[in-house]
Amino acid sequence: LLTTEELGKIVKNERKAMALTQAELALTSGTGMRFISDLENGKPTCQIGKTLTVLRTLGLRLTLSSPHSPKGG
């Protein structure tokens, strides 16, 4: 199970790997620097829509699975 802290670390690591500052990521994702900081610090109340936008901006994909879905599709 992914925690907000783990997601934040992934976002921060990917941002740094792309040599982006928080300000640059905020600008390119259409969010604010405060949001990027909160997300990277694992704030559990970050908006899901903005979070998904940041993930897309970084080229990250979020995959979900359900115990009720048949395996493989």
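# Salt bridges, core and surface of a predicted model

The side chains of Lys43 and Asp38 form a salt bridge, with 3.6 Å from N to O. This is a predicted model. Asp38 has a second partner: Arg34 bridges to Asp38 too, with the closest N and O atoms 3.4 Å apart. Arg34, Asp38 and Lys43 are thus linked in a network of salt bridges.

The members of this network differ in exposure. Asp38 counts as buried, at 16% relative accessibility. Arg34 is exposed, with a relative accessible area of 62%. Lys43 is partly exposed, at 38%. Arg34 and Asp38 sit four residues apart in helix α3, so about one helical turn separates them. An α-helix has 3.6 residues a turn, so residues three or four places apart point the same way.

**The salt bridges**

How many salt bridges does a search of the whole structure find? It finds three. They are listed here with their N to O distances.

| Basic residue | Acidic residue | N to O distance |
|---|---|---|
| Arg15 | Glu40 | 2.5 Å |
| Arg34 | Asp38 | 3.4 Å |
| Lys43 | Asp38 | 3.6 Å |

The bridge from Arg15 to Glu40 has its closest N and O atoms 2.5 Å apart. Arg15 lies in helix α1 (residues 4–17) and Glu40 in helix α3 (residues 33–40), so the pair ties together parts that are 25 residues apart in sequence. Are these two residues buried or exposed? Arg15 is buried, with a relative accessible area of 7%. Glu40 counts as buried as well, at 7% relative accessibility.

**The core**

The largest nonpolar core has 11 residues in all. Its members are Leu7, Val11, Leu25, Ala26, Phe35, Ile36, Leu39, Cys46, Val54, Leu55 and Leu58. Which elements give two or more residues to this core? They are α1, α2, α3 and α4. Helix α3 gives the most, with three residues.

Leu25 is one of the core residues. Leaving aside its neighbours within four places in sequence, Leu25 is in contact with Val11, Arg15, Ile36, Val54, Thr57 and Leu58. Among these contacts is Arg15, the buried residue that bridges to Glu40.

**Helix α2**

Leu25 is also one of the buried residues of α2, together with Ala26 and Ser29. Seen down the axis of α2, the buried residues fall within an arc of 100°, so they line one face of the helix. Leu27 and Thr28 are exposed on the other side of α2. What covers the buried residues includes α1, α3 and α4.

Both ends of α2 have a backbone feature nearby in sequence to report. Just after α2, Gly30 takes a positive phi of about 75°. Ala19 lies in the loop between α1 and α2. Ala19 has a positive phi of about 55° although it is not a glycine. Most residues other than glycine have a negative phi. Ala19 counts as exposed, at 63% relative accessibility.

**Helix α4**

In α4, which residues are buried? Thr51, Val54 and Leu55 are. Seen down the axis of α4, its buried residues fall within an arc of 100°, so they line one face of the helix. These buried residues pack against α1, α2 (22–29) and α3. Val54 and Leu55 are also members of the largest nonpolar core.

Other residues of α4 are partly exposed. Gly49 lies in this helix and has a relative accessible area of 40%, which makes it partly exposed. Gly49 and Leu20 are 29 residues apart in sequence and 21 Å apart in space, C-alpha to C-alpha. Leu52 is found in α4 (residues 48–57). Leu52 counts as partly exposed, at 31% relative accessibility. Just after α4, Gly59 takes a positive phi of about 80°.

**The nonpolar surface patch**

Leu52 also belongs to a nonpolar patch on the surface. The other members are Leu2, Ile10, Ile48, Leu62 and Leu64. Together the patch residues have about 590 Å² of accessible area. A residue needs over 30% relative accessible area to join a patch. Leu52 meets this cut-off at 31%.

Note on methods
Residues numbered from 1 in each chain as written. Predicted model: local features only at pLDDT ≥ 70, side-chain atom pairs only at ≥ 80, totals over all residues. Heavy atoms only, no water. Patch = residues over 30% accessible without salt bridge, like charges linked within 9 Å, V, L, I, M, F, W, Y side chains within 5 Å. Areas by Shrake-Rupley, 256 points an atom, 1.4 Å probe, with all protein chains shown as cover. Salt bridge = Lys/Arg side-chain N within 4 Å of Asp/Glu carboxyl O. Buried < 20%, exposed > 50% of the residue type's maximum accessible area, 1.4 Å probe, protein only. Arc of directions from axis to C-beta. Contact = heavy atoms within 4.5 Å. Core = buried A, V, L, I, M, F, W, Y, C linked by side-chain atoms within 4.5 Å.
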